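Trainee: Hi! Could you walk me through this one? I'd like to start with the inside and then look at how the chains meet.

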Protein chains: 4
Amino acid sequence: MTSYVLTFSCLDRPGIVAKVTSLIAQHSGNITSAQQFNDPATGRFFMRVVFDMANVETFSASLSSIAQELSFDWRMRDVAKRKRVLILVSKFDHCLLDLLYRVRIGELRMDVVSVVSNHSRESLKLSNLHGATFHHLPITRSTKLDQELQLRNLIEETGADFVILARYMQILSDSMAQWLEGRCINIHHSFLPGFKGARPYHQAHERGVKMIGATAHFVTGDLDEGPIIAQNVEPITHRDTPAMLIAKGRAIEQRVLASAVGALIEDRVFLNGRRTVVFD
Amino acid sequence: MTSYVLTFSCLDRPGIVAKVTSLIAQHSGNITSAQQFNDPATGRFFMRVVFDMANVETFSASLSSIAQELSFDWRMRDVAKRKRVLILVSKFDHCLLDLLYRVRIGELRMDVVSVVSNHSRESLKLSNLHGATFHHLPITRSTKLDQELQLRNLIEETGADFVILARYMQILSDSMAQWLEGRCINIHHSFLPGFKGARPYHQAHERGVKMIGATAHFVTGDLDEGPIIAQNVEPITHRDTPAMLIAKGRAIEQRVLASAVGALIEDRVFLNGRRTVVFD
Amino acid sequence: MTSYVLTFSCLDRPGIVAKVTSLIAQHSGNITSAQQFNDPATGRFFMRVVFDMANVETFSASLSSIAQELSFDWRMRDVAKRKRVLILVSKFDHCLLDLLYRVRIGELRMDVVSVVSNHSRESLKLSNLHGATFHHLPITRSTKLDQELQLRNLIEETGADFVILARYMQILSDSMAQWLEGRCINIHHSFLPGFKGARPYHQAHERGVKMIGATAHFVTGDLDEGPIIAQNVEPITHRDTPAMLIAKGRAIEQRVLASAVGALIEDRVFLNGRRTVVFD
Amino acid sequence: MTSYVLTFSCLDRPGIVAKVTSLIAQHSGNITSAQQFNDPATGRFFMRVVFDMANVETFSASLSSIAQELSFDWRMRDVAKRKRVLILVSKFDHCLLDLLYRVRIGELRMDVVSVVSNHSRESLKLSNLHGATFHHLPITRSTKLDQELQLRNLIEETGADFVILARYMQILSDSMAQWLEGRCINIHHSFLPGFKGARPYHQAHERGVKMIGATAHFVTGDLDEGPIIAQNVEPITHRDTPAMLIAKGRAIEQRVLASAVGALIEDRVFLNGRRTVVFD
């Protein structure tokens, strides 16, 4: 018996769950976990089913015809097959360190196939990439398209399922963002209220906010505005200097990004227009 | 079309979801929400399905035979039908106040049929019970069984679905607790580490804990040890006196109890041995 | 012996703490609590001292001359003397209810001298104002200045120390806001990112945020932009409808406003330019 | 001008703050931060003052005589002088990794002089100790006292100010704990309610708790019962397996320990009987 995770979304209509779960039962599959969500706002239906099955061939064929009938796209994956991930980073490597460690202790079950930076290897404080190949792809305004082409080739060569911007301080071009749609996530600071422009922690300090946070989201053309996957915050006080805010911000960024990556590699995240559905 | 919520749990086996959801589809029902959980530790399966259906009669009959076949108990309820709730209280009425207010603004969709206290009406700071009948059922060591009998009669007469101990400072007898199993919840303070005995906030202060919290749980024979439904905490500091801990504790108790009651009246809570399953 | 709280702020310079605390010692006062903060960003110094003293007359006189020398304003208050508070409200009264209850159980040590609404008494769900006088001061675009004049008279007549906008859905005029500077606080929702305009919870839902929160702040000309006193947030999920966000928002608003009011009436809040200093 | 941090605690009496701050002023020092706490429960007074001063010699001498007069112990430290820290670890190195990283990025301003484990270097997943010397001090029931003697020598040789048990799975002997009193902290899991014995996360899962947490505390003879410095928790659900609890627990342990270590090396932690005073 092998364990599979099946995910799909479609317009809601009566009988979807019945059809899919009956099909699994007919092929002697046993559902071990299932989550679904009907969004009353958009009329869309989202489902994630984990099941054990001996032979998935004929099941796949039958599922295809149901999918055609109900017009939905589906993905099915052997749970044991680890996702391949490429991580982009600039100079700050606290998120990279955190992700690599969680991989190493088995918390994040994924393979980091490559670490790419627009700065040289020496710019990273991190001493060990634990098997991930490092690529230095410098970027200037005039070489941006070239660099993105190299990056694109690298993503294709390595067969990366996901790209993680782990404090990568470059805005992807619209075409690159579009090409990566649904496969690329970013982490950035978040405040109540928010701030545009440079040195956000200094702005937050100047404005006297009492909480700071971070947001992990899908990358779209607009860098910090894609569908949100995870958020978290921490309280701060008048004693916190900008330097202390930055330090606290790092810790929040680490755990918010790790949480979003965990959801992503376990197929628990769905795009739902400008929003996401994230199953626990 | 009427909206129903169906809940059941049974030993896990292949095909359960398929059978139930197919039956809903056959009776032209449309599932608007479904949650399920397979507990690998106990082998039990839990499901909550909300669906719209025009006529539920023949569906109920068919469901009964499936339930017999898979040997599970099920409950089905018209979503619009409000749960009836009896609230027990002693002198501290902050939880009672909070529950009544959440009922009044429509956040908790339930009917408070009766408020019962072992103290007189005058002992409550609360000025208005908003239609709930007040019953004074005093208790002494020697009248405990009598009082519980009166309480039992009251629960039956009022047709209460649930009993909420909203800071009721009496321990129910074993037989009473057993009679109310799965229908009665309690709120109590919680600390890291925990403390037994009187004046727990003073003990927590004396021990110098840095967080205090509250736990809402099903009542069993052992007052503070039943299956946990909800918990929450707040940070405290060395500046917090016992009086401040008590004040903070009140706020936590209010919101933890409200959260547990909300889950209960929406049929989102299942007993699972010593634990609970609480769907979001 | 009477307990006093002394608060002041001034430009930082060597010897301030020594001068003030020596003066207290010379007058046989005993400091029971003191907090101070030197803001490196603005060069300002903030201090709050609580002390017991038998006779405060000569101490006050000496303090005045030190204050003149170091050019700072100071306030000193008998700790037992309760602050007088006027609460403004529109139709939503969950914050009003929460404040009145915390007053009643002794958690907030203040006197609510008046409750003012731009709607009639019947618009409030709350049944009992516990001694606070209710004033209906309706407002239209053309009567705004008149209404604010009435409000101003009422604040003066009642001798209110603070005005709390407890979900008062009117923007104060610039002149009114200026007149109330440092004496008036407001509560409003806060999101990551923030949203302008109507129906913010619907906007937050549409945008798919994963946390919602509330901010209590001093009122300035710009309604939601004054110096922040307290903030808090709660996690939400894709399952939360706008109605659920509004319900969760209410609970957050209650506890953030109560926290800010508590700090204010205990003289723990200082204005520091666009920011605040809030001692624990 | 050099920046110093002065800390002391004594029985509370009038004039202490005045005496100490006047002395600083007399020696042309400028206070940049001060925190104090009078514990009404124990009658003790705690103070931490940070000040800039050109020449600290004569000030120290005068302070000594005040200290003798008021019978208190004091410590004064050049803020720029980094604390020396020795870290003890067994096989789980997530806390060690986290501490070393925070040192490297400048968040924790301390020198890790030595990493000691009862297991071999190969047992650690961590690839780089960034300059800290590794010592393998194996331990068995019969060699415990010997091992602790070696450890004691190492602490003395390296001049370590603090010892951090970063998931060191050995209980220190009473004499060792006593020798390290106030200089040694430990991190351990915390639950609501707590659990004794082996495999605590499995016990917490079995009991169905809805929150898990961690506690950082001073080490005393009773391993998990010393004065608490920091605590934190996270919510969990019925879906969390013991493995997921352990993973979440790791993240909480990391940030609670880092928070406690940060407070310790900045002289913000005081012992207060069975409790602590931790200034922000």
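Trainee: Which residues touch the most other members of the largest nonpolar core?
Mentor: This is a predicted model, and in it the largest nonpolar core has 96 residues. A:Ile164 and D:Ile164 are the ones that touch the most other members.

Trainee: What does D:Ile164 touch?
Mentor: Leaving out residues up to four places away in sequence, D:Ile164 touches D:Val85, D:Leu86, D:Ile87, D:Leu88 and D:Leu99. D:Met110, D:Ile185, D:Leu257 and D:Val261 are also on its list. There is a second, separate core of 95 residues too, including B:Leu97 and C:Leu257.

Trainee: Why would nonpolar residues gather like that?
Mentor: In soluble globular proteins, nonpolar side chains tend to be buried together.

Trainee: OK, new topic: chains A and C. How many residues are in contact there?
Mentor: On chain A, 32 residues are in contact with 32 residues of chain C. Together the two chains bury about 3,000 Å², with 55% of that on carbon and sulfur atoms.

Trainee: Which three residues of chain A supply more of that area than any other three?
Mentor: Those are A:Leu192, A:Arg207 and A:His238, which give 25% of what chain A buries against chain C.

Trainee: How many salt bridges and polar contacts are there between A and C?
Mentor: You'll find 2 salt bridges and 14 residue pairs in polar contact. One salt bridge joins C:Glu206 to A:Arg274, with the closest N and O atoms 3.3 Å apart.

Trainee: And which element gives the largest share of chain A's side?
Mentor: Strand S11 of chain A does, with 6 residues. Other elements that give two or more residues include strand S2 (30-39) and helix H6 (200-207) of chain A.

Trainee: How do the A and C copies compare when you lay one on the other?
Mentor: A turn of 180° with a shift of 0.0 Å along the axis lays chain A on chain C, at an RMSD of 0.0 Å. Also, 100% of the interface residues of chain A are interface residues in chain C, so the copies meet through the same surface.

Trainee: Now B and C. What turn lays chain B on chain C?
Mentor: A turn of 180° does it, with a shift of 0.0 Å along the axis and an RMSD of 0.0 Å. The two copies are therefore related as by a two-fold rotation axis. Of the contact residues of chain B, 100% recur in chain C.

Trainee: What do B and C bury between them?
Mentor: About 1,800 Å², with 52% on carbon and sulfur atoms. Here 21 residues of chain B are in contact with 21 residues of chain C.

Trainee: Any salt bridge I should look at? Which residues form it?
Mentor: Try B:Arg250 with C:Glu107, where the closest N and O atoms are 3.4 Å apart. The count between chain B and chain C is 2 salt bridges. Helix H3 (94-104) and helix H7 (242-265) of chain B each supply at least two residues of the side that touches chain C.

Trainee: I clicked on C:Asn128. Where does it lie?
Mentor: C:Asn128 is in the loop between strand S6 (110-117) and strand S7 (133-136) of chain C.

Trainee: What is C:Asn128 in contact with?
Mentor: Setting aside neighbours within four places in sequence, C:Asn128 is in contact with B:Ser127, C:Leu100 and C:Arg121. Its side chain also reaches the backbone nitrogen of C:His130 at 2.7 Å.

Notes. Residues numbered from 1 in each chain as written. Chains lettered and ligands numbered in written order. Predicted model: local features only at pLDDT ≥ 70, side-chain atom pairs only at ≥ 80, totals over all residues. Heavy atoms only, no water. Core = buried A, V, L, I, M, F, W, Y, C linked by side-chain atoms within 4.5 Å. Buried < 20%, exposed > 50% of the residue type's maximum accessible area, 1.4 Å probe, protein only. Contact = heavy atoms within 4.5 Å. Least-squares fit on C-alpha atoms with pLDDT ≥ 70 in both. Buried area = accessible area lost by both parts, 1.4 Å probe. Salt bridge = Lys/Arg side-chain N within 4 Å of Asp/Glu carboxyl O. Polar contact = N/O pair within 3.5 Å; in protein donor to acceptor, adjacent residues only side chain to side chain. Helix = DSSP H or I, 4+ residues; strand = E, 2+ residues; numbered from the N terminus.
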